[in-house]
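Colleague: I am new to reading protein structures, and I would like to learn how to look at charges and buried residues. Could you take me through one with me asking the questions?

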Amino acid sequence: MSLIEWRDDFSVGVASVDLEHRELIDLINDLHALIGKNASAEEVVSMLGEIFAQISAHFALEEKYMLDSRYPLREEHKADHELLLDELRDMMDLVDDDGSYDEHGLSQDLKRWFTEHFRTHDARLHRHAD
């Protein structure tokens with residue numbers, strides 16, 4: 001079962017951004033499945049690293065769009081991006097340092113962040129794009 005299902009209200013109305021959102025959801029769902037199979041800490045750190053790399057690239061695209069479109073809430077939105085990147089680094093460090101991870105907590109933290117970000121910051125960006 002997927003951790004996060006794509007919903008139309010996740011769409012920001014920019015095809016390239018929406019495509020990357022779907023790809024990020026797929027990666028998070030892949031990590032969730034991996035965790036469900038009692039993956040090693042190394043496997044989890046590796047997958048978190050892949051998610052981190054994809055999200056960093058995605059945020060650069062989204063932030064360029066916000067800059068080009070003179071989005072008035074760009075700084076607030078960008079700050080939320082930076083917060084997630086910090087949280088992901090912390091997750092990777094914790095799993096790497098401890099050699100273990102909280103299966104439920106890790107999945108729920110990722111789900112919470114993405115669904116909240118999509119519902120708030122990206123929803124406002126979508127309204128601006130209309």
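Modeller: We will go through salt bridges, then a patch of charge, and then two buried residues, keeping in mind that this is a predicted model.

Colleague: Let me begin with the salt bridges: how many does the structure hold?

Modeller: The general idea is that a side-chain nitrogen of Lys or Arg must come within 4 Å of a carboxyl oxygen of Asp or Glu. By that rule the structure holds 6 salt bridges, and one of them joins Asp-68 to Lys-64, with the closest N and O atoms 2.6 Å apart.

Colleague: How are Asp-68 and Lys-64 placed in helix α2?

Modeller: Asp-68 and Lys-64 are 4 residues apart in helix α2, and they are therefore separated by about one helical turn. Lys-64 counts as partly exposed, because its relative accessibility is 49%.

Colleague: Which residue forms a salt bridge with Glu-76?

Modeller: The partner of Glu-76 is Arg-124, and the closest N and O atoms of this salt bridge are 3.2 Å apart. Glu-76 lies in helix α3 while Arg-124 lies in helix α4 (residues 103-129), so the pair ties together parts that are 48 residues apart in sequence. Both ends are partly exposed, Glu-76 with a relative accessible area of 42% and Arg-124 with a relative accessible area of 26%.

Colleague: What do the side chains of Glu-87 and Arg-112 form where they meet?

Modeller: They form a salt bridge, at 3.8 Å from N to O. This pair, too, links distant parts of the chain, since Glu-87 is in helix α3 and Arg-112 is in helix α4, 25 residues apart. Glu-87 counts as partly exposed at 22% relative accessibility, and Arg-112 is partly exposed as well, with a relative accessible area of 41%.

Colleague: Now for charges without such a partner: which residues gather in a patch of negative charge on the surface?

Modeller: A residue can belong to a patch if it has over 30% relative accessible area and no salt bridge. Here the negative patch on the surface is made of Glu-42, Glu-43, Asp-90, Asp-93, Asp-96, Asp-97 and Asp-98. Helices α2 (41-68) and α3 (74-98) each supply at least two residues of the patch, and the largest share, 5 residues, comes from α3. As an example, Glu-43 lies in helix α2 and counts as partly exposed, because its relative accessibility is 39%.

Colleague: Turning to Tyr-71, is it buried or exposed?

Modeller: A residue is called buried when its relative accessible area is under 20%. Tyr-71 has a relative accessibility of 6%, so it counts as buried, and it lies in the loop between α2 and α3. Leaving out residues up to four places away in sequence, Tyr-71 touches Met-66, His-77, His-121, Arg-124, Leu-125 and His-128. The C-alpha atoms of Tyr-71 and Ala-129 are separated by 8.8 Å, although these residues are 58 residues apart along the chain.

Colleague: And what is the nearest side chain of opposite charge to Asp-80?

Modeller: That is Arg-124, at a distance of 7.4 Å, and Asp-80 is buried yet has no salt bridge. Asp-80 is found in helix α3, and, setting aside neighbours within four places in sequence, Asp-80 is in contact with Trp-113, His-117 and His-121.

Terms used: Residues numbered from 1 in each chain as written. Predicted model: local features only at pLDDT ≥ 70, side-chain atom pairs only at ≥ 80, totals over all residues. Heavy atoms only, no water. Patch = residues over 30% accessible without salt bridge, like charges linked within 9 Å, V, L, I, M, F, W, Y side chains within 5 Å. Areas by Shrake-Rupley, 256 points an atom, 1.4 Å probe, with all protein chains shown as cover. Lys, Arg positive; Asp, Glu negative; His and termini not counted. Charge placed at Lys NZ, Arg CZ, Asp CG, Glu CD. Buried < 20%, exposed > 50% of the residue type's maximum accessible area, 1.4 Å probe, protein only. Contact = heavy atoms within 4.5 Å.
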